Structures are given as structure tokens and as C-alpha cells.
Amino acid sequence: MRIVFYDRTPVDYTAETPFVAPLGGSESAQCYLAIELVKLGHSVALVSNTSAPGRYRGVECSNHRDAGTSALLNAADIVVSSNEALGRFIRDNLRVTRPLVIWIQHAHDQPAVRGLESSRERKMWAGYAFVSRWQLDCYVNVFWVPEERSRVMRNAVAPSFAEIEPTEPWFMRSEAPVLVYTSQPYRGLDVLLDAFPAIAAAVPGTKLKVFSGFAATYGTPLADDPYGEIYLRCKATDGVAYRGPVPQPELMRELTGAAALAYPSTFAETSCISALEAMAAGTAVLTTNLGALSETTGGYAWMTDFRPDREALARAYAEMAIEALNGMRRNPEAALARRRAQIAYVREKYTWPARALEWQTWLAEIVRRAAA
């Protein structure tokens, strides 16, 4: 098949970017999937906001503003558009006649998908790809998205995480735990900073490393980053080291030595690549049961109920994290067995080669149906 991934967001990236620089989850997912589809023998293009068009890892990358974009999309067997409800734009402005699939990582309340309120927009899409059943159900209930054209096509971990060799865990080395936060700052970092002093007091020696920020991930100048104050708060809190976003290989090294992903999520995740990658590295996940986090982590995460009151959530999260960390230390053999099981779970269910086979089958079905 000739497959084109179309992404009109302002992020400047190619299929090479997630291997060398920080990149958002949706963009990274497109790159990894495109590369694996090339390995399966398909002709794949990625149309994004790249400033460096060219062929990367077998994927032809171009800028969505290029004059040849309409011709490129019409030369495809199928077009997969990322996250935005652009069906009418693609049909009416770009004059694309090929079957369209929308791959949505966003929650249903995000502005980019609001166009799905229109029945005309919904009719533009031959397929809807969602990253969890929880997310799919939200779209069916809110937008009346046709379930018969929808599929749950789950995320997966970066290739480096799929082949990682976990180190000996902290609780077997008699070391103090190191926690990491790797999501965007608005998704619960403030709650974590509220909870951390209590955690560090109850589990002496606990440290926290924060890999979060818009500057490197989305090109936002640090001076314009709206969460600058929370980074300063990180730096001012004892036991907390603010690192900012880092490339995937470096993040992998950090996670392999960490005790837990500390993520008191206040954002309804439709999936959570951060949690999956932590699990693949053998890192425990301490989070809330908001959105699709429970579905995604498959019962391997330690969770507390989400509470809209920030202070109450911070207290509950601290209690859960303290119990989880002390429990690992009290019963290292049980913790080790759970760790091995979570690693096996991710390697079986969340790799891009496996996901590419699912996409290949589904996209071929849509192409055949469109040609009938």
C-alpha cells in the first residue's frame, strides 16, 4: 500500500526526530509506526511541519505547505490524519479523494476534535483509530462517532524501550528510591510537588527527577513557557532535580535506574506512553485511576482514586506512594515478580512491530471497502 500520514500541527519533525531529540507522544507514535510499515514493504510518507524534507529511515518526509501536498495525498491508497478533525479541509481545500482515517490521541474535550460535532465532518472519515476503549466510548457517546468504523489501535513503546535490559531494582540493592516525572507539567506536577515532602519524610533518602517542559518538546522558548514558575518550584524543593525534556535514549537510561514513575495524573489520559515506557524499563508506576490509565497499565500500576481537590489528591497520592515504596522494600521477592510480569506484559502487547501488523490489516480492509 501507499500510505501517507498527515499532520498539520506546528511541530517541526521527521521520522528521525524521536531518535535524536525530545518529541511529543503523538508525533513519536506516527514516526515509529511509519518506519515499521516501511519494513513491512509499504510505501510510506509523513507530511508534517518539517523544515528538513527528505527520506528518513525509509519514510518520505515533506512539509504540509509544499505545493505538491495535494498530489502526494491523492497518489496514496489511504491517508491517515493525526489528531485534528480536518476531513472537510482535506476534501474541500486539498481536493483529496482517497480514503481518510483519523488517528486520535486527544481526549474528546480538546479543541482540535471539536469539528466532529458536525455530521458532515464525521462522514468524511472511512476509519477512526483510537488508543483505548475508554477513549472510543467517549467519542461514541459525545460525538456519535460510528462504532462500526472505529478501532482501538493502542500505542506502543519506543524501540529502545522494547529491547531494554532492566537493571537490578533499587529494593534489591538496599538503595533509597528515585522517582521520575516525565509527562507535561500541567498533568499533575503541581500535585506531585505538594505530595513529595511527605513521601520523602516517610521514605528517607527519596529523590525526584523531573523530565518535563514545553521548550524542547514543542519548540516553545523557555522565556515563553507558561509553566516556568513550576520549574522554579522544582529547583527550590529539597530532593527534587529539574532536568527538563530529554531524548528517548537518555530517558530510557534514567528510567532503568528509577524506582517509580511518579504521576498523580490530573489529566484524563486516553492512553499513556510515559507509563508504558516506565513499565518496559522495570519502573513501578504510581498514578491515579483517571481516564484510560487503568486500562493501559493492565493492573500493574499502583493507583489512588482521582479527586478534583488538589490538596486531598496530594494527601491520598502521598499515602499510596509511601505504602507502595515501603511494600516493595518489605517484600522484595513479591515486588521482583510483579516487576518481571509488567515487563513481559508490555513486551507482548505494546511494541510497534506488532502494532504495525494490526494497522496493515485494518488499512487494507478500508482500502478494499472503498474500492468495492
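Here is a walk through a sheet, a pair of helices, a pocket and a cavity in this structure. Keep in mind that you are looking at a predicted model.

Let's start with the sheet. Six strands line up as E11-E10-E9-E12-E13-E14 to make an open sheet, and their pairing is parallel. At the edges sit strand E11 (240-242) and strand E14 (302-304), each of which pairs on one side only. If you look at how neighbouring strands of this sheet are turned against each other, the average is 25 degrees, direction ignored. Now zoom in on one end of that order. Strand E10, residues 207-210, runs parallel to E11 and is joined to E11 by three bridges. To find this pairing on screen, look for leucine 208, which stands opposite valine 240 of E11.

Next, the helices. The axes of H2 and H16 come within 9 Å and cross at roughly 75 degrees. The two helices are therefore roughly perpendicular to each other. On the H2 side, the contact is made by Ala29, Tyr32, Leu33, Glu36 and Leu37. H16 answers with Trp352, Pro353, Ala356, Trp359 and Gln360. Sorted by class, the residues in this contact are eight nonpolar, one polar and one charged.

H2 and H16 turn up again around a pocket. The second largest pocket has a volume of about 190 Å³. It is lined by 13 residues, and Glu36, Lys39, Pro159, Glu163 and Pro353 are the closest to its centre. Two of these names should look familiar: Glu36 and Pro353 also take part in the contact between H2 and H16. Which elements give two or more residues to the lining of this second largest pocket? They are helix H2 (25-39), helix H7 (159-162) and helix H16 (352-371). H2 gives the most, with four residues. As for chemistry, the lining of the second largest pocket has nine nonpolar and four charged residues, with no polar ones.

Finally, the enclosed space. Rolling a probe the size of a water molecule over the atoms shows where empty space is left. In this structure, one cavity of 30 Å³ or more is found. The largest cavity holds about 90 Å³ of space. Of the 14 residues lining the largest cavity, Phe171, Gly282, Ala284, Met328 and Arg339 are the closest to its centre. Helix H15, residues 332-349, supplies the largest share of that lining, with four residues. By class, the lining of the largest cavity comes out as nine nonpolar, three polar and two charged residues.

Definitions and conventions: Residues are numbered from 1 along each chain as its sequence is written. This is a predicted model: local features need pLDDT of at least 70, side-chain atom pairs count only at pLDDT 80 or more; totals for chains, interfaces and linings use all residues. Side-chain values use heavy atoms; hydrogens and water are left out. On a 1 Å grid over the protein atoms alone, a cavity is a set of points where a 1.4 Å probe fits but cannot get out, and a pocket is an open set with protein on both sides within 12 Å along at least five of seven lines; lining residues have an atom within 4 Å of a point. Grid points are joined across faces, edges and corners, and a volume is the space filled by probe spheres set on the points. Ala, Val, Leu, Ile, Met, Phe, Trp, Tyr, Cys and Pro count as nonpolar, Asp, Glu, Lys and Arg as charged, and the others, Gly among them, as polar. Axes are lines fitted to C-alpha atoms, for helices over the stretch in contact, and angles run from 0 to 180 degrees between N-to-C directions. Angles under 35 degrees count as roughly parallel, over 145 as roughly antiparallel, 65 to 115 as roughly perpendicular and the rest as oblique. Contact means heavy atoms within 4.5 Å. Two strands pair if DSSP finds at least two bridges between them.
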